[in-house]
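Trainee: Could you take me through one part of this model up close? I'd like to stay with a single region and see how it sits in the rest.

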Amino acid sequence: MPRTHLTVLQWLSLSTLLLQIFPLSHGDVGTAAQYGPPYTPTACYGSDPTQFPSSNLFAAAGDGIWDNGAACGRQYLVKCISATTPYTCVPDQTIQIRIVDFAPTLASQPSFGGTTMVLTETALAIIANSSAPSINIEFQQPRWYDERRGVPYLTVSRRNEAAKKEGEKVVSALV
């Protein structure tokens, strides 16, 4: 095999390995729209007012992440990465939202249909110009979030430590 082919193959192998170890994107890519009140009832928690964070940073899940209702209560870090209108995204701004509803069943009309998430007007305004009907987003669950239990890992760790000190089983500390 000629030396140039060997060098190219080595470079491609190294590049592939590096991209596997250090991915360029840390989350999934999707789209987001916005919606306003009324927010109840929701597909996740009905008319319970305690479902909404006081910050108004919550969202409805689109078909792609709804997962037959398993998305209820999930938290995501969301960042605007682009939009059809230039300068729509607020640079270096990320929000943490909680899923409380299913987008196709929202009580109010979203600004754009068929998106990955529909954010509250408050949430979208933090990461993008709120006049945009939809934006492209990067989203991921926080590393510290324990999806199976709906609580932060930190909380789980502290509960586990407390249980160990008291001689309880870890599972009973999480219930």
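What follows is a close look at one loop and its surroundings.

Trainee: I'd like to zoom in on the loop between β1 and β2, where P38 sits. Which residues form the aromatic cluster with Y39, and where does the disulfide from C44 lead?

Mentor: Sure, and keep in mind that this is a predicted model. Let's get our bearings before we go into the loop. The protein has 5 helices and 8 strands, and along the sequence they run α-β-β-α-β-β-β-α-β-β-β-α-α. Of its 175 residues, 34% count as buried. If you take the contacts with a separation of 6 or more, 72% of them are between residues 24 or more positions apart.

Now to your loop, starting with the backbone. The peptide bond going from P37 to P38 is cis, with omega near 5 degrees. P38 belongs to the loop between β1 and β2, and so does P41. The bond leading into P41, from T40, is cis as well, with omega near -5 degrees. These are worth a second glance, because most peptide bonds are trans.

Next, look at the rings. Y35, Y39, F52 and F58 make up one aromatic cluster. The whole structure has 6 aromatic pairs. One of them is Y39 with F52, a tilted pair with 6.1 Å from centre to centre and 50 degrees between the planes. Y39 and F52 both lie in the loop between β1 and β2, so their pairing ties together parts that are 13 residues apart in sequence. Y39 is buried, as is F52. From F52 you can step on to F58: the ring centres are 4.7 Å apart and the planes stand at 40 degrees, so this pair is tilted too. F52 and F58 are both buried.

Then there's the disulfide you asked about. C44 is bonded to C72, with 2.0 Å from S to S. It joins distant parts of the chain: C44 is in the loop between β1 (28-35) and β2, C72 is in the loop between α2 and β3, and 28 residues separate them. The torsion about the S-S bond is -80 degrees, and the link is left-handed. The two ends fall into separate classes of exposure: C44 has a relative accessible area of 18%, so it counts as buried, while C72 has 23% and is partly exposed. The cut-off for buried is under 20%.

While you're at the far end of that bond, have a look at D67, which is also in the loop between α2 and β3. Its phi is near 55 degrees, a positive value in a residue that isn't glycine. D67 is partly exposed, with a relative accessible area of 44%. Most residues other than glycine have a negative phi.

C44 and C72 aren't the whole disulfide story, as the search of the whole structure turns up 2. C80 and C89 form a disulfide with their sulfur atoms 1.9 Å apart. Its S-S torsion is about -55 degrees, so the disulfide is left-handed. C80 is buried, at 5% relative accessible area. Number the bonded cysteines in sequence order and the pairing reads 1-2, 3-4. For another positive phi, go to Y87, which isn't a glycine and has about 65 degrees. Y87 lies in the loop between β3 and β4 and counts as exposed, at 81% relative accessibility.

Finally, let's set your loop against the packing of the rest. The largest nonpolar core has 25 residues, and V78, I97, M117, L119 and I135 have the most contacts inside it. At least two residues of this core come from each of β2 (58-61), α2 (63-66), β3 (75-82), β4 (94-102), β5 (117-120), α3 (121-127) and β6 (135-140). β4 gives the most to this core, 4 residues. Apart from this core lies another one of 9 residues, and Y35, Y39, F52 and F58 are among them. Those names should look familiar: Y35, Y39, F52 and F58 are the aromatic cluster we started from.

Terms used: Residues are numbered from 1 along each chain as its sequence is written. This is a predicted model: local features need pLDDT of at least 70, side-chain atom pairs count only at pLDDT 80 or more; totals for chains, interfaces and linings use all residues. Side-chain values use heavy atoms; hydrogens and water are left out. A nonpolar core is a set of buried Ala, Val, Leu, Ile, Met, Phe, Trp, Tyr and Cys residues joined through side-chain atoms within 4.5 Å. Buried means under 20% relative accessible area, exposed over 50%, partly exposed in between (1.4 Å probe, protein chains only). A disulfide is a pair of cysteine sulfur atoms within 2.5 Å. Contact means heavy atoms within 4.5 Å. Rings of Phe, Tyr and Trp (its six-membered ring) pair if their centres lie within 6.5 Å; planes under 30 degrees apart count as stacked, over 60 as edge-to-face and the rest as tilted.
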